[in-house]
Amino acid sequence: MHSALAVANHLFERAQQARLSLTGGQLQCLCYFAHGLRLALVNLPLLDETVHADRDGISIASITRLGLHGSRPVPQLLTEVRPTAAGLLDELAPVLDPQEPALSTVDLVWSRFGRFSAYDLGVFVRSAGGPWDETWNHPDRVDGQLHSVASQPLAADGRALPIANSLIRRWFRELTIQENRDQASADGLAPTVMARHARPEETLSLAAVKKLRAP
């Protein structure tokens, strides 16, 4: 697993290379997509922290704490303060190892979603039946009862709620399997391709992308 700040910094650098700006909301969504796709492809979480659901969509605490959310622009690499061996504090920008296998997943997310607006990304995040919807709109949330997946009380107020990785993995895996089906159908192969034969790790797109339009 990796620091969300390191993943965010890689995406920020990709945006800089493309001469594009990012908002905090866009950056958080892109990190979430990379986390979800990694879970779907290899059943391993990308981020070393829990993704949360709030009334506006998803939130990643380490990024939100830096004030990067909503429409606020991301001005530079994200940094964190760590203690040094000498007992001092040092500010640094976490980065992903260039040889890290998960980089291909992060780059795939950037290539497919990097140019979408924060609004479009937010619509995708809040899709009916998705992890955010199943967590935030869970029927027991208002009553403060136990969430059957997260196994902890659901806040009746506006506090963020943890989204279980199992929900995230299931949803992104379903999207990649559906994409395989769509591609097979387009090629006239639908009768011979079953979901159990699909290999999500080989797909280069998500079915939900078709519902969005790049600016």
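These points cover strand pairing, the packing of helix H2, and the residue Leu44 in a predicted model.

1. Strand E1, residues 51–54, pairs with strand E2, residues 57–60, in the antiparallel sense, and the pairing has 4 bridges. A hairpin of 2 residues makes the connection from E1 to E2. Within this pairing, Val51 lies opposite Ile60 of E2.

2. E1 also has a pairing with strand E5, residues 161–162. The two run antiparallel and are joined by 2 bridges. Here His52 of E1 is the residue opposite Pro162 in E5. As background for reading the side chains, those in a regular strand alternate between the two faces of the sheet.

3. Helix H2 (residues 24–42) packs against helix H4 (residues 103–113), with an axis separation of 9 Å and an angle of about 125°. Because angles from 115 to 145 degrees fall outside the perpendicular and antiparallel classes, H2 is oblique to H4. The handedness of this crossing is right-handed.

4. On the H2 side, the contact with H4 involves Leu30, Phe33, Ala34, Leu37, Arg38 and Leu41. Their counterparts in H4 are Thr105, Val106, Leu108, Val109, Trp110 and Phe113. By class, the H2–H4 contact has 10 nonpolar residues, 1 polar and 1 charged. The charged one is Arg38, since Arg counts as charged.

5. H2 also packs with helix H5 (residues 118–125), where the axes come within 9 Å and cross at roughly 40°. H2 and H5 are therefore oblique as well. This crossing is left-handed, whereas that of H2 with H4 is right-handed.

6. In the contact between H2 and H5, H2 supplies Gln26, Cys29, Leu30, Tyr32 and Phe33. H5 supplies Ala118, Leu121, Gly122, Phe124 and Val125. These residues divide into 8 nonpolar and 2 polar, with no charged residue. Leu30 and Phe33 are listed in this contact and also in the contact of H2 with H4.

7. Leu44 sits in the loop between H2 and E1. Is Leu44 buried, exposed or partly exposed? Its relative accessibility is 48%, so Leu44 counts as partly exposed; the cut-off for exposed is over 50%.

8. Leaving aside residues up to four places away in sequence, Leu44 touches Arg38 and Leu39. Of these, Arg38 is also among the H2 residues that meet H4. The C-alpha atoms of Leu44 and Arg169 are 9.0 Å apart, although 125 residues separate the two along the chain.

Note on methods: Residues numbered from 1 in each chain as written. Predicted model: local features only at pLDDT ≥ 70, side-chain atom pairs only at ≥ 80, totals over all residues. Heavy atoms only, no water. Pairing = 2+ DSSP bridges. Axes fitted to C-alpha atoms, helices over the stretch in contact; angles between N-to-C directions. Parallel < 35°, antiparallel > 145°, perpendicular 65-115°, else oblique. Left-handed = near helix turned anticlockwise from the far one by under 90°. Contact = heavy atoms within 4.5 Å. Buried < 20%, exposed > 50% of the residue type's maximum accessible area, 1.4 Å probe, protein only.
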